[in-house]
Amino acid sequence: MELEDVPGELLKALEPISRFGGNIQSIMHQRERKTPLGRVPVMLIFEIGDRARLNRVLAALRARGVRVTQLGEREGAVRVTALLIGHIIHTDIRDTIDRLNALRGVRVSDLSLAMGEPGQESAARMTITADDERRVNSAISNLQRIASRKKLLMITSIGAG
Amino acid sequence: MRIVLIGFGNLGRGLSRALVQKAGFLRRDHGLIPRVVAAVDEFGAVVDEKGLNLAGLLKTAEGKGTVALHRGAKRGRLALQVIEGIEADVVYELTPTNIETGEPGLTHIKRAMQAGRHVITSNKGPLVVAFRELDSLAKRCGVEFRYSASVGGAIPAVGLAKKLLAGNKIREIRGVLNGTTNYILTRMSTEGAPFEIVLREAQELGIAEKDPTLDIEGIDTACKITILANSLLGTNAGLKDVKVAGIARVRPEAIRLAQEAGQTIKLVGTAKRGSLEVGPKLVPLGHPLAVGGTLNAVTFELDLAREISITGFGAGPRETSSSLLGDLIDIHRTLGG
Ligand SMILES: NC(=O)c1ccc[n+]([C@@H]2O[C@H](COP(=O)([O-])OP(=O)(O)OC[C@H]3O[C@@H](n4cnc5c(N)ncnc54)[C@H](OP(=O)(O)O)[C@@H]3O)[C@@H](O)[C@H]2O)c1
């Protein structure tokens, strides 16, 4: 989408998504690629339950004067949750996430940390969203490899992978 | 039916109590008159071919700790002598588990089969070390072999799968098969208390052993998943084929994170053709495997029925006598009784 380069515009674009139950996963604000008319291209990725809700979001955006220039859809994103236990911060959680996000059609969509007492191990819960079953499985086996290299205990769901 | 009991500890006694208590019921409803002709422990044996007075023997064993001090008992290591020398239909092998050699149970079972006795056991050792060998030895000797009590205590996992679900192909078996670790995980999740504290509590309550290593490291669960795979999936696996992780690193904070996402952490054994695994897993709250306390649970994934789960007590002499007695009645029926 393209937004006016004035404060509050982005918020205006995001509001309908959460109002209709969407789950925003990433926002890319491409300020350096302003259009000739001075608008800022913004790429939004969000997840939403069904087509009817998507239509309601799009209608609401249009009503607010947000210009949607391109619409891509992927059906049936698959989500898995994994827990990691160990020295999560020391072993660079940022790097762990980057490695997963670098996989095609895979992104880390949620992360919660529970820090242990000083010197103790910590725990993290990670939600991985992928375009399909195959990609999710490959993300899980990648994470498994990263976890064993970083000596983290990885706990996945029964039946996953 | 003439019965020999090898091992007269928790389970030998639990079974004997059930036999005393249910004598009338077994005769009336099953046409079964069990007669225990010998009971053996590490220190001695009592034999009476007309049938021992179990109530009296229980009193001695509970009071003095061994059958060797019962009236008329012989002292010494007599298991093999009794197995081979005393005429019997069924030998119960109820001695302690040794997962490295399977002994003494392995030799007891082999000799019993070779002597033409049907065998019922609760002992995981021989089953983990030599399942195929024992299974084919039983066939060669023309005897029945049952081991319901070795996995899941009172839960009839093996019988359910082999008999009532016989029309299905089993795709996968998953189980919460260790009461000690399940108790620890449950207490960590309800109290938020750290592993070490909960373990100590479990030891004080007699739920965890003084050396809980086999439980905590997932090895006991690995034994049970090996037995289930060998007996129900037709594999020929040993302990070394199971990828094992225990629960020592599971922290209450991790369980809390799981709960915030509608899940909990259980130590789950998984068996499918080509992969045996034990480790902590996320289980949705409300799933049949999300059982609390010392409970056990097994889920079968099947081609026709899709999913069948059972839950129950995984240990305890009275509870487990349900499986031991069930195996006896099953053999009695198989033989046309
Ligand atoms: N307890 C449960 O709820 C449960 C549930 C499922 C499976 N199991 C399995 O069932 C088996 C029995 O359990 P348990 O709790 O009854 O154990 P237990 O209380 O330790 O009893 C073991 C018995 O075996 C005897 N024994 C040891 N070595 C022997 C030998 N060489 N010859 C003859 N007898 C011998 C012991 O005699 P002494 O006392 O004289 O040494 C004792 O009477 C174990 O393999 C266990 O893993 C137990």
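This is a short tour of a predicted model, stop by stop, with a selection to make at each one.

**Before you start**

The model scores ipTM 0.88 and pTM 0.87. Most stops are in chain B, so colour that chain by confidence: its mean pLDDT is 97, and 100% of its residues reach 70 or more.

**Stop 1: helix H3 of chain B**

Select residues 54–64 of chain B, which make up helix H3. Which of its residues are buried? They are B:Leu54, B:Leu57, B:Leu58, B:Thr60 and B:Ala61. Now look down the axis of H3(B): these buried residues fall within an arc of 165 degrees, so they line one face of the helix. As a reminder, an α-helix has 3.6 residues a turn, so residues three or four places apart point the same way.

What do the buried residues of H3(B) pack against? Show helix H1 (10–21), strand S2 (35–40) and strand S3 (44–47) of chain B, and you have the partners. Then turn to the face of H3(B) that points away from the buried side, where you will find the exposed residues B:Lys59, B:Gly63 and B:Lys64.

Both ends of this helix deserve a click. At the start of H3(B), a side-chain oxygen of B:Asn53 comes to within 3.1 Å of the backbone nitrogen of B:Ala55. After the helix comes B:Gly65, with a positive phi near 85 degrees.

**Stop 2: B:Thr121**

Next, select B:Thr121 in strand S6 (residues 118–121) of chain B. Is this residue buried or exposed? B:Thr121 is buried, with a relative accessible area of 0%. Its side chain has two backbone atoms to show you: the oxygen of B:Glu93 at 2.7 Å, and the nitrogen of B:Asn123 at 3.0 Å.

Widen the selection to the contacts of B:Thr121, leaving aside neighbours within four places in sequence. Among them are B:Ile109, B:Leu127, B:Phe145 and B:Tyr147. Keep B:Phe145 and B:Tyr147 on screen for the next stop.

**Stop 3: an aromatic cluster**

Add B:Phe131, which forms one aromatic cluster with B:Phe145 and B:Tyr147. A search of the whole structure finds two aromatic pairs over all chains. B:Phe131 and B:Tyr147 form an edge-to-face pair, 5.5 Å centre to centre with 80 degrees between the planes. The pair links distant parts of the chain: B:Phe131 belongs to helix H6 (residues 124–141), while B:Tyr147 sits 16 residues away in the loop between strand S7 (145–146) and helix H7 (157–164) of chain B. B:Phe131 is buried, at 4% relative accessible area, and B:Tyr147 also counts as buried at 4%.

**Stop 4: a lysine over a ring**

Select B:Lys22 and B:Phe25. B:Lys22 lies over the face of B:Phe25, at 5.0 Å from the ring centre.

**Stop 5: backbone details**

Turn on the backbone atoms and go to B:Pro104, in the loop between strand S5 (90–93) and helix H5 (105–114) of chain B. The peptide bond leading to it from B:Glu103 is cis, with omega near 5 degrees.

Two last residues have a positive phi although they are not glycines. One is B:Arg306, with phi about 70 degrees, located in strand S13 (residues 306–313) of chain B. B:Arg306 is exposed, with a relative accessible area of 64%.

For the other, move to chain A and select A:Lys151, where phi is about 55 degrees. A:Lys151 lies in the loop between helix H4 (133–149) and strand S7 (153–156) of chain A, and it is exposed, with a relative accessible area of 64%.

Conventions
Residues are numbered from 1 along each chain as its sequence is written. Chains are lettered from A and ligands numbered from 1 in the order in which they are written. Side-chain values use heavy atoms; hydrogens and water are left out. Rings of Phe, Tyr and Trp (its six-membered ring) pair if their centres lie within 6.5 Å; planes under 30 degrees apart count as stacked, over 60 as edge-to-face and the rest as tilted. Helices (H or I, at least four residues) and strands (E, at least two) are DSSP runs, numbered from the N terminus. Buried means under 20% relative accessible area, exposed over 50%, partly exposed in between (1.4 Å probe, protein chains only). A charge sits over a ring if NZ of Lys or CZ of Arg is within 6 Å of the ring centre and within 35 degrees of the ring normal. pLDDT is the predictor's confidence in each residue, from 0 to 100. The arc is that of the directions from the helix axis to the C-beta atoms. Contact means heavy atoms within 4.5 Å. A polar contact is a pair of N or O atoms within 3.5 Å; within protein, one must be able to donate a hydrogen and the other to accept it, and residues adjacent in sequence count only if both atoms are side-chain atoms.
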